[in-house]
Amino acid sequence: VVPLISIDRHIEQRRSEYYSILHKVSNGKFCQDPRKYNLELLACFFLRVLSESISDVDHYRNKYKNLIKL
């Protein structure tokens with residue numbers, strides 16, 4: 001029913017939080033060395049977004065089942 005999980009809608013809904021986290025990850029500065037970024041914050045954000053996106057699968061399954069019943 002849902003071959004792909006779309007996370008872009010959830011990121012768009014949390015755009016201000018996303019940009020805030022990006023700023024925190026880098027302390028507002030570019031670094032050549034990626035190890036200087038606090039990527040844990042970004043990973044936690046994406047895990048939350050992915051979790052929300054996965055919950056959409058149930059919604060779309062139910063929607064599909066109701067459509068089939070028609």
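## Salt bridges, rings and a nonpolar core

Arg61 and Asp58 form a salt bridge in which the closest N and O atoms are 3.8 Å apart. The two residues sit three places apart in helix 3, so about one helical turn separates them. Arg61 is partly exposed at 43% relative accessibility, and Asp58 is partly exposed too, at 45%. Before we go on, please keep in mind that this is a predicted model.

Let us stay with the charged residues for a moment. Side chains of opposite charge can pair when their charged atoms come close. How many salt bridges does the count come to? The total is seven. Here are three of them, including the one you have just met.

| Salt bridge | Closest N and O atoms |
|---|---|
| Arg61 and Asp58 | 3.8 Å |
| Glu52 and Arg14 | 3.5 Å |
| Asp33 and Arg35 | 3.0 Å |

The bridge between Glu52 and Arg14 joins distant parts of the chain. Glu52 belongs to helix 3, while Arg14 is in the loop between helix 1 (8-13) and helix 2, and their positions lie 38 residues apart in sequence. Glu52 is partly exposed, with a relative accessible area of 27%. In the bridge of Asp33 and Arg35, Asp33 is partly exposed at 23% relative accessibility, whereas Arg35 is exposed at 72%. Salt bridges with shared partners also connect Arg14, Glu17, Arg48 and Glu52 into one network.

Now for the rings. A pair of aromatic rings is described by the distance of the centres and the angle of the planes. This structure has four aromatic pairs. One of them is Tyr18 with Phe45, a tilted pair with 5.6 Å from centre to centre and 35 degrees between the planes. Tyr18 is in helix 2 (residues 15-26) and Phe45 is in helix 3 (residues 39-69), so this pair ties together parts that are 27 residues apart in sequence. Is Phe45 buried or exposed? With 0% relative accessibility, Phe45 is buried. Its partner Tyr18, on the other hand, is partly exposed, at 21% relative accessible area.

Phe45 has another ring partner, Phe46: this pair is edge-to-face, with centres 5.5 Å apart and planes at 75 degrees. Phe46 is partly exposed, with a relative accessible area of 29%. Together, ring pairs link Tyr18, Tyr19, Phe45 and Phe46 into a cluster.

Phe45 also leads us to the inside of the model. In soluble globular proteins, nonpolar side chains tend to be buried together. Here the largest nonpolar core consists of six residues: Ile11, Ile21, Val25, Leu42, Phe45 and Val49. Helix 2 and helix 3 each provide at least two of the core residues, and helix 3 gives the most, with three. Which residues does Ile11 touch, leaving aside its neighbours within four places in sequence? Ile11 is in contact with Tyr18, Phe45, Phe46 and Val49.

Not every buried residue is nonpolar, as another part of helix 3 shows. Ser53 lies in that helix and is buried, with a relative accessible area of 3%. Apart from neighbours within four places in sequence, Ser53 is in contact with Ile5, Ser6, Ile7 and His10.

Finally, look at the surface. Ile5, one of the contacts of Ser53, joins Leu47, Leu50 and Ile54 in a nonpolar patch there, and these residues have about 350 Å² of accessible area together. Leu50 is part of helix 3 and is partly exposed, with a relative accessible area of 36%.

Note on methods
Residues are numbered from 1 along each chain as its sequence is written. This is a predicted model: local features need pLDDT of at least 70, side-chain atom pairs count only at pLDDT 80 or more; totals for chains, interfaces and linings use all residues. Side-chain values use heavy atoms; hydrogens and water are left out. Rings of Phe, Tyr and Trp (its six-membered ring) pair if their centres lie within 6.5 Å; planes under 30 degrees apart count as stacked, over 60 as edge-to-face and the rest as tilted. Helices (H or I, at least four residues) and strands (E, at least two) are DSSP runs, numbered from the N terminus. Buried means under 20% relative accessible area, exposed over 50%, partly exposed in between (1.4 Å probe, protein chains only). Patches are made of residues with over 30% relative accessible area and no salt bridge: like charges are joined within 9 Å, nonpolar side chains (Val, Leu, Ile, Met, Phe, Trp, Tyr) within 5 Å. Accessible areas come from the Shrake-Rupley method with a 1.4 Å probe; for residues, only the protein chains shown count as cover. A salt bridge is a side-chain nitrogen of Lys or Arg within 4 Å of a carboxyl oxygen of Asp or Glu. A nonpolar core is a set of buried Ala, Val, Leu, Ile, Met, Phe, Trp, Tyr and Cys residues joined through side-chain atoms within 4.5 Å. Contact means heavy atoms within 4.5 Å.
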